[in-house]
Amino acid sequence: MQTQQSKFAFEQAQAVFPGGVNSPVRAFKAVEGNPVFIDRAKGAYLYDVDGNRYIDYVLSWGPMILGHAEDRVIEAVKSAVECGTSFGAPSPLETRLGQHLQERIPYLERMRMVSSGTEATMSAIRLARGVTRRDKIVKFVGCYHGHSDSFLVQAGSGVATFGLPNSPGVTEATAQDTITLPYNDKASLQTCFEEMGSDIACVIIEAVAGNMGLIQADHDFIHVIRELTSQYGALFIIDEVMTGFRASYTGATGLYGVEPDLLCFGKVVGGGFPMALFGGKKKYMDYIAPMGAVYQAGTLSGNPIAMTAGYETLVSLTPEIFKDMEGRTSQLCQGLKELAVRYQIPLQVVQVGTMFGFFFNERPVRNFEDSKASDQEVFARVHAGLLKQGIYLAPSQYESNFMSAAHTKEDIDQTLQAFDTVFGEIYG
Ligand SMILES: *Cc1c(COP(=O)(O)O)cnc(C)c1O
């Protein structure tokens, strides 16, 4: 496999961007080798600047659920571009996508479109604080809710990958308003509410965490959050930026059958364009300007191209297509489990809907501490071995991997063969 052009591109990029990248985990710091630079993508495949093809399970970190450059989305986007790329005024494209979302997620009584997941979660906690007139928020260790200051306290994703407990640049005062608790731990949540319940504006969670590896919250845990927040007058926010239309056909709320007060979506809803949203109960969303006094705005919010790509993506994503994707994810996970048995590898394979992950760990992984205790050296070697064989997985064990509608049975077979070869090299 040639990698000269990627190496050269990386050198050049390092003279322009810190670390050569515009988002940290892309730099491959937690795995071996250098990042590959992408030339183009189609369907389930990425093609790098050296002409290598990869079966892509990162899918732009989740959004490309139909596969890259899907025909229907591309056609619709081309037509939309001809009509203007930003209006800074309302258009029916926003309402069309919003209505479709309301049909899928009845909890979205009102919503606000924004341009990134970070913006969605940041705005949602501002709203929760504005509604409750309280300052403190509760988040869970290893959950990632974007990079706004309040959330960079014991966060997952790149923050975990680089071993940063808190980010420099976040003030002491801000960090103090963020209470972090262990994931899946009912007792500590209970105690926290008993001690500080009347100061807590909201609890925010990835109900299926994808940013400390893939870890699912217990049903119990989610329902206890619902009960305690209601009891103490705090808002319950489910961050579905990653799980939205992946954890199940209707996302994480569909899995748990729970009604949050506010939800955040991103990634898939933008169909590969910078787009996200937060929404929820009307009585709370009416606090947002211009209805209410909680300020939130955006020059490119409701961008017509993003609205079009998001809409076409979601209407293409039928229950049948979702079920197929889920089936192929199971095929891959089942194959991985069989390989683990054959090579006697202590491997935990996790699947939730069209998301999957694995930990080199003897025991099931239930929280960030468990995730951290997994063998990251082996992960790094496996990642490098797979990349050489044209399999593109998330370059950190603290990330989830994803399936698209474009992945075929043959792609999965080829992926499992590559795992077989790499496990053979390491464990054979
Ligand atoms: C990706 C992600 C975010 C942040 O979204 P950006 O668009 O990267 O700002 C927030 N929450 C979760 C759960 C995510 O996975």
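Tutor: Let's begin with a term: a cavity is a set of grid points where a 1.4 Å probe fits but cannot get out, and its lining residues have an atom within 4 Å of a point. We'll use that on this predicted model, which holds one cavity of 30 Å³ or more.

Student: Which residues line the largest cavity?

Tutor: Gly213, Leu214, Gly357, Phe358, Phe379, Ser396, Gln397, Glu399 and Asn401 do. The volume of this cavity is about 40 Å³.

Student: What makes up that lining by class?

Tutor: There are three nonpolar, five polar and one charged residues. Gly is put with the polar residues, so Gly213 and Gly357 go into that class. Glu counts as charged, and Glu399 is in the lining.

Student: Now the second largest pocket. How much space lies in it?

Tutor: About 690 Å³. It is called a pocket because its set of points is open, whereas the probe cannot get out of a cavity.

Student: What lines the second largest pocket?

Tutor: Its lining has 31 residues, and Glu94, Met111, Arg112, Met113 and Pro290 lie nearest the centre. Helix α3 (92–104) and strand β4 (110–114) each supply at least two lining residues, and α3 gives the most, with five. By class you get 13 nonpolar, 13 polar and five charged residues.

Student: On to the sheet. What makes β1 and β15 edge strands?

Tutor: Look at the order, β1-β2-β3-β15, in an open sheet of four strands with mixed pairing. β1 (38–42) and β15 (391–392) each pair on one side only, and that makes them the edges.

Student: How do you know that β1 and β2 pair?

Tutor: Two strands pair if there are at least two bridges between them. β1 and β2 have four, in the antiparallel sense, so they pass that test. Alanine 41, for example, stands opposite leucine 46 in β2.

Student: And how do you know that β2 pairs with β3?

Tutor: Three bridges join β2 (residues 45–48) to β3 (residues 53–56), also running antiparallel. The cut-off is two, so this counts as well. In β3, tyrosine 47 has arginine 53 as its bridge partner, and leucine 46 has tyrosine 54.

Student: What is found in the turns of the two hairpins?

Tutor: The β1 and β2 hairpin has two residues between its strands, with glycine 43 at a positive phi of about 60°. The hairpin of β2 and β3 has four residues there, and glycine 51 takes a positive phi near 90°.

Student: Which way do the side chains of β2 point?

Tutor: Tyr45 and Tyr47 point one way, and Leu46 and Asp48 the other. They are called buried because each is under 20% relative accessible area.

Student: How do you know that the span of α12 agrees with its number of residues?

Tutor: Helix α12 (residues 319–343) has 25 residues, so at 1.5 Å a residue it should span 36 Å, and its end C-alpha atoms are 36 Å apart. The two values agree. Just after α12 comes glutamine 344, with a positive phi near 55°.

Student: Which residues of α12 are buried, and what covers them?

Tutor: Phe322, Met325, Arg328, Thr329 and Leu332 are among the buried ones, and so are Leu336 and Tyr343. Their cover includes β13 (347–352), β14 (355–360) and α15 (409–427).

Methods: Residues are numbered from 1 along each chain as its sequence is written. This is a predicted model: local features need pLDDT of at least 70, side-chain atom pairs count only at pLDDT 80 or more; totals for chains, interfaces and linings use all residues. Side-chain values use heavy atoms; hydrogens and water are left out. On a 1 Å grid over the protein atoms alone, a cavity is a set of points where a 1.4 Å probe fits but cannot get out, and a pocket is an open set with protein on both sides within 12 Å along at least five of seven lines; lining residues have an atom within 4 Å of a point. Grid points are joined across faces, edges and corners, and a volume is the space filled by probe spheres set on the points. The expected span of a helix is 1.5 Å times one less than its number of residues. Buried means under 20% relative accessible area, exposed over 50%, partly exposed in between (1.4 Å probe, protein chains only). Contact means heavy atoms within 4.5 Å.
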